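Dear colleague,

Please find below the structure that I am handing over to you. The notes that follow it set out what was found.

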Amino acid sequence: MHGVLAMITQRIALGIATLFVISLLVFLAVDMLPGDPAEAILGQSATPASVAALRQELGLNKPLVVRYADWTAGLLRGDFGRSLANDRPIAELIAPRLGATLSLAALAATIALPLGVLLGILSSVHRDRALDRVASTASLLAISFPEFFTAYMLVACFSVGLGWLPAISLSSQGGIVETLTMLALPALTLSLAVIGYVLRMTRAAIMGVMASPYVEMARLKGVGPWGVVVRHALPNALSPIINVVIINLAYLVVGVVVIEVVFVYPGLGQLLVDSVAKRDIPVVQACCMLFAGTYIGLNLLADILALLANPRLRRPRQREARA
Amino acid sequence: MNAETASLAVAASHPLAEPDSAPLLVMRGLVIETSGPGRPQRIVDGIDLELHAGEVLGLIGESGAGKSTIGLAALGYVRPGCRFAGGSVLFDGQDLLTLPPERCRALRGTRIAYVAQSATASFNPAHRLIDQVVETATRQAGMGRRQAEQDARELFARLALPDPDHIGERFPHELSGGQLQRVMIAMAMICRPDLIVFDEPTTALDVTTQVEILASIRNVVEAFGTAAIYITHDLAVVTQLAHRITVLRHGRIVEEAPTRAMLAAPRESYTRSLWAVRRIRKAPEPDHAAPLLELDGISASYGSVPVLRDVSLTVRTGGTVALVGESGSGKSTLARVVAGLLPPTAGQVLLQGRRLPKALQDRSRDQLRRVQLIHQSPDAALNPRQSIREAIGRPLQLHHGLRGAAREARLRELMALVELKPELLDRLPNALSGGQKQRVCIARALAAGPELLICDEVTSALDQVVQAGILAMLQRLQKELGLSCLFITHDIATVRAIADEVVVMRQGAVVESGARDKVLETPSDDYTRLLLSCVPDVDPDWLTKLLQQRADAREIDDAG
């Protein structure tokens, strides 16, 4: 068992190293953006003197290395710094936005991931029959339409046409029903694409092992079509399925910028877009680091789960004989 | 070893079944075709078969003869890409081809079972063995889980598996190929089926393991009165088990007869050709030729695992040294060391008395030219996207700078040398048969103009008739071109056919070496004797005699 533990430790160390490299890239990239934050903040009222004073105050005159060290040291303490735009602590600014993004992602994931995997399994069992063909075409459509298009179609249908659901999802302090109604359309939009991806990958992964001799053996033992797919093929297709599920989970957290803008949903993506427009550099950096952290964390999880799902890695042979 | 041989002794009797009742399985005019795009091809072309309860039928033929397809048809199953195009498969009076799929499926595993060629590939890597063994019993036959597991453990013990009470808790990758094959026989036996189809169950195994599996199969088949179809390309193997033998070729029956009758008087010339490899025998070369390749104290390892220990051998100019041993004995590793693919940790490789650099990248192009390696699997050794012309032409250009018409002429010479038509030059490898592909690999090695050929199990993936052709050709080439050869094999018939000298390896070390006849006829090492005793003869009593001998030897041991 210690072999797996060593492998997991190694993956975690690699994840941390990646995060470090990303922090460097984020910091340098933002620093290299043309224009001066101090000038941007002061805007029309900028005089050389006031700009110099603000630069001093923001610490922009310190060498790059020192600024990076200060910034990362802050990150490690959980201190993201202060917003340039309104001087509030960034953590305070981000917390409600992160909550909003996560609840939307959670809702979409709850709908899409189980449904996607289940439909993928159904498609495999009913391979090349009506259900499989319909699912395959529908999923391709769902993936191919740009999200904003899907979003507006849904709005046209459910908000304008039927009038059942709100077209925009401005946060309000409502009960559970109100919140769900508000989240319904963005969650549905996200779900459609995710269901499509997960369905296709699940089906492909299962199909990939359906040709193996042990699946034929199961058939020759008289195992029925469901048993063949669920008991014999699925366990061996887990690792690509875990991967696609987790990558889509990451996408739900990280890739929702467009949807948040379409539905005017006050999530992290919206904040990122606003901050870029306002040249609120520390907020942009903090958002980037959060997105990167989520992505790396979830991929790490996928790696570890895939590792644990494979008995050959879980229980390596005592001595591998080769000839 | 004791429990094992106790159960083997049970199997020592070998009575023939007396057909007295209605046949268990009847195939009438069975036709199976490909169902893919393009014109359907007949894989099985009008087969008539009968099998009675408790009878063992041997199906023998070269690869592509339709053996496996017929075996699977006995379970009412066709592989994807094929379809039943005619005839009937009656099992116990019901036609499996017209039975509703659910009812056909209900028979599989419970009344008709299947044992596949590669147990390693046919066990699900994600599940513990016991779960796979009892699956049919608990889910289809309605046996209680506890009772099924108990029964499985008894079968494990009967099949002489080590630690039968706990071995089921392991995953497939934790067992050896021979052990897995026995677990698979237990899996087939769990519902006490009326019929088992054995599809080349020992082909992937070493001879020493093969003997044990054959004895196990005979043991359980006789103990439970199970009828069996035993599919193989090895005549000697099938004669140990089968009451009757059916010879197949191109999806048709060539000849069918009771085992002893067929051995005594095969009617068809094709049947007689199945003995082909066994008849080739090389005349011994005089052993005073100068040494070409000398290995001196070679040790090598994969990572920290040592695989070769202090191996020395000599290949004389124009001579052939056969390197024999079980899988895992380090034969192929030694080939990799000679070819420079695996630098040894100690010792040296001398070619014509001069030291060869250990690693491939340190050898000069001329040194590379002089030693050529031919692999076991021609499918894997040829680039599927390169035409035969490219495959053979590349070394001509690289080593001899041949271009244009000169290259073309040499290509045709080489094709003639390996007995292939020049029209094949423009084909891609997948348009060729296994034997043709191996000939292409040999032509590619010859194109370099080598002095030493390393042949790594070059005929193991081929069936007997094709093997005989390739071996005869290699001998002719060797004589004409004065080649020396290091020939790696686990097949003693091949050794007899081609070798001047034999080196026996076990666990990475040489246990015996010397002139072929001396090693094969009067082996001095216990392991060599064991290895040779395990090579089946085309004699229906061979296995019975061998098991009897072993039992007697043990009694003497026990008494003394």
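In chain B, β9(B) and β10(B) run antiparallel and are joined by 6 bridges. Helices (H or I, at least four residues) and strands (E, at least two) are DSSP runs numbered from the N terminus, and two strands pair if DSSP finds at least two bridges between them. Within this pair, Ile245(B) stands opposite Ala257(B) in β10(B). The hairpin of β9(B) and β10(B) has 2 residues between the strands, and His250(B) takes a positive phi near 50° there.

Before going further, I should state that this is a predicted model, in which local features need pLDDT of at least 70, side-chain atom pairs count only at pLDDT 80 or more, and totals for chains, interfaces and linings use all residues. Residues are numbered from 1 along each chain as its sequence is written, while chains are lettered from A and ligands numbered from 1 in the order in which they are written.

The sheet in chain B

The strands β9(B) and β10(B) belong to an open sheet of 6 strands in chain B, with the order β6-β7-β8-β3-β9-β10 and mixed pairing. Its edge strands, each pairing on one side only, are β6 (112-115) and β10 (252-258) of chain B. From one strand to the next, the twist averages 15°.

Strand β9 (residues 244-249) of chain B is largely enclosed by the rest of the structure, because 5 of its 6 residues are buried. A residue is buried if 20 or more other C-beta atoms, placed from the backbone, lie within 10 Å of its own. Strand β3 (residues 56-60) of chain B runs parallel to β9(B), and 4 bridges join the two. There, Ile60(B) stands opposite Val247(B) in β9(B).

At the β6(B) edge, β6(B) pairs with strand β7 (residues 195-199) of chain B in the parallel sense over 4 bridges. Ala113(B) stands opposite Ile196(B) in β7(B). Helix α7 (residues 177-189) of chain B lies across β6 and β7 of chain B, running at about 170° to β6(B). Such angles run from 0 to 180 degrees between N-to-C directions, with axes fitted as lines to C-alpha atoms, for helices over the stretch in contact.

Helix α19 of chain B

Helix α19 (residues 464-481) of chain B has 18 residues and should span 26 Å at 1.5 Å a residue; its end C-alpha atoms are 25 Å apart, which agrees. The expected span is 1.5 Å times one less than the number of residues. Among the buried residues of α19(B) are Val466(B), Ile470(B) and Leu474(B). Gly482(B), with a positive phi near 65°, follows α19(B).

Chain A and its contact with chain B

Chain A has 14 helices and 0 strands. Its C-alpha atoms fill a box of roughly 85 × 65 × 35 Å along the principal axes. Of the 323 residues in chain A, 33% are buried.

How many residues does each chain bring to the contact? Chain A gives 20 residues and chain B gives 32 residues, two residues being in contact if their C-beta atoms, placed from the backbone, lie within 7 Å. On the side of chain A that touches chain B, α9 (213-220), α10 (225-254) and α14 (311-314) of chain A each supply at least two residues. The largest share, 5 residues, comes from α9(A). This side of chain A divides into 9 nonpolar, 4 polar and 7 charged residues. Here Ala, Val, Leu, Ile, Met, Phe, Trp, Tyr, Cys and Pro count as nonpolar, Asp, Glu, Lys and Arg as charged, and the others, Gly among them, as polar.

With kind regards

Definitions and conventions
A residue is buried if 20 or more other C-beta atoms lie within 10 Å of its own, exposed if 12 or fewer, and partly exposed in between; C-beta atoms are placed from the backbone.
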